Amino acid sequence: MDYYSLLGVNRHASAREIKQAFREKAKRLHPDVAGESLTEEMRLLLTAYQVLSSADRRFEYDRRFAKPASFDYRSFLQHQEDPVYQGKLFSYDLFHHNEDAAITLWQNHGGIDFQWEYFMDREEWMDAAFVLAEELEKRRRYYEAVRLLAGLVREERRRPYFRHFAVEVENRLKELVRRKLKKTVDAEHYIQCLEELLTLGFSSRDEMQWLQAIAETLLVIGKKDAAGAVFKEFCQRFPNRSLPSRLRKQFLNTASQMG
């Protein structure tokens, strides 16, 4: 029994089209209208609707009964309205060399503010976010890659998943910030990323470098008061450490002007 033919829809019909087709046929086959002779047809129609209106049951039906050449899994996912299946579509494209489509879907659902947990399980989105960050890095979209990796480090700190692989995630994040980020973003976004890194629990050595970079960037864009505040924070957090002489001179002058 072909449930699609029974409902009168094609295999790529949306959930809304399936529901509408069922309602129209149910009106004609209902015993109150057609009499008891069509009760069996009504039962079959109801079964077809129950299967095809459930994304999970529909996928299983297509997998088992559709002709292999005629079933397009990606097209099936595209026509599903359930957010879970949008997440599956994103993963499918990302891992099947259709990165442009995956990135477009990610952007259409918020980009950096993409609510991963709304679309897929934790382990799935963490894997997907790392692969996406790699792809964005290839495209020189370093700011987005840094934000994704920073989010992964934060989540890994909260509850380990990558475990020994987490070191690679952290190193990739630090390398992006150290060698590539500053050249491709404005000062405000650069500082924003550094400030986020300071909240992730990296080593004192890393934090000293990032504080220095923040202060130096603030000086370059003329925000001397803010730079002086960062200098004071550096001295409070690392009282036994000294800044490079060039920066120390600039900071001391700024601090004295602030009183």
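Which helix holds Tyr-85? Tyr-85 lies in helix 7, residues 83-95. Helices here are DSSP runs of H or I of at least four residues, strands are runs of E of at least two, and both are numbered from the N terminus.

The model is predicted: local features need pLDDT of at least 70, side-chain atom pairs count only at pLDDT 80 or more, and totals for chains, interfaces and linings use all residues. Residues are numbered from 1 along each chain as its sequence is written, and side-chain values use heavy atoms, with hydrogens and water left out.

**Overall make-up**

The protein chain has 16 helices and zero strands. Of its 259 residues, 42% are buried. Buried means under 20% relative accessible area, exposed means over 50%, and partly exposed lies in between, with a 1.4 Å probe and protein chains only. A contact means heavy atoms within 4.5 Å. Among the contacts in the protein chain with a separation of 6 or more, 57% are between residues 24 or more positions apart.

**Residues in helices**

Tyr-85 counts as buried because its relative accessibility is 5%. Leaving aside residues up to four places away in sequence, Tyr-85 touches Ala-55, Asp-56, Phe-76, Leu-77 and Gln-80. Phe-119 is 34 residues from Tyr-85 in sequence, and their C-alpha atoms are 7.5 Å apart in space.

Lys-174 is found in helix 12. Although charged by class, Lys-174 is buried, since its relative accessible area is 16%. Its side chain makes a polar contact of 3.3 Å with the side chain of Asp-206. A polar contact is a pair of N or O atoms within 3.5 Å; within protein, one must be able to donate a hydrogen and the other to accept it, and residues adjacent in sequence count only if both atoms are side-chain atoms. With residues up to four places away in sequence left out, Lys-174 touches Asp-206 as well as Phe-202 and Trp-210.

Gln-212 sits in helix 14, residues 204-220. With 18% relative accessibility, Gln-212 also counts as buried. Its C-alpha atom is separated by 8.0 Å from that of Phe-234, 22 residues apart along the chain.

**Residues in loops**

Ser-53 is in the loop between helix 4 (39-52) and helix 5 (55-65). Ser-53 is partly exposed because its relative accessible area is 38%. A polar atom of the Ser-53 side chain lies 2.6 Å from the backbone oxygen of Tyr-49. Ser-53 and Lys-19 are 34 residues apart in sequence, with 7.2 Å between their C-alpha atoms.

Most residues other than glycine have a negative phi. Two arginines in loops have positive values, as the table shows.

| Residue | Phi | Loop | Relative accessible area |
|---|---|---|---|
| Arg-140 | near 65° | between helix 10 (122-138) and helix 11 | 56%, exposed |
| Arg-163 | near 55° | between helix 11 and helix 12 | 57%, exposed |

**Cysteines**

A disulfide is a covalent bond between the sulfur atoms of two cysteines. Taking a disulfide as a pair of cysteine sulfur atoms within 2.5 Å, the count is zero. Cys-193 is buried, because its relative accessibility is 0%. Cys-235, with a relative accessible area of 35%, is partly exposed.

**Cavities**

Rolling a probe the size of a water molecule over the atoms shows where empty space is left. On a 1 Å grid over the protein atoms alone, a cavity is a set of points where a 1.4 Å probe fits but cannot get out, and lining residues have an atom within 4 Å of a point. Grid points are joined across faces, edges and corners, and a volume is the space filled by probe spheres set on the points.

How many cavities of 30 Å³ or more are there? The count is two. The second largest cavity holds about 30 Å³ of space. Its lining consists of Leu-152, Val-153, Glu-156, Arg-157, Phe-162, Ala-166, Val-169 and Glu-170. Helix 11 (142-158) and helix 12 (166-184) each supply at least two residues of this lining, and helix 11 gives the most, with four.

By class, the lining of the second largest cavity has five nonpolar, no polar and three charged residues. Ala, Val, Leu, Ile, Met, Phe, Trp, Tyr, Cys and Pro count as nonpolar, Asp, Glu, Lys and Arg as charged, and the others, Gly among them, as polar.

Notes. 1 Å grid on protein atoms, 1.4 Å probe; cavity = no way out; pocket = protein on both sides within 12 Å on 5 of 7 lines; lining within 4 Å.
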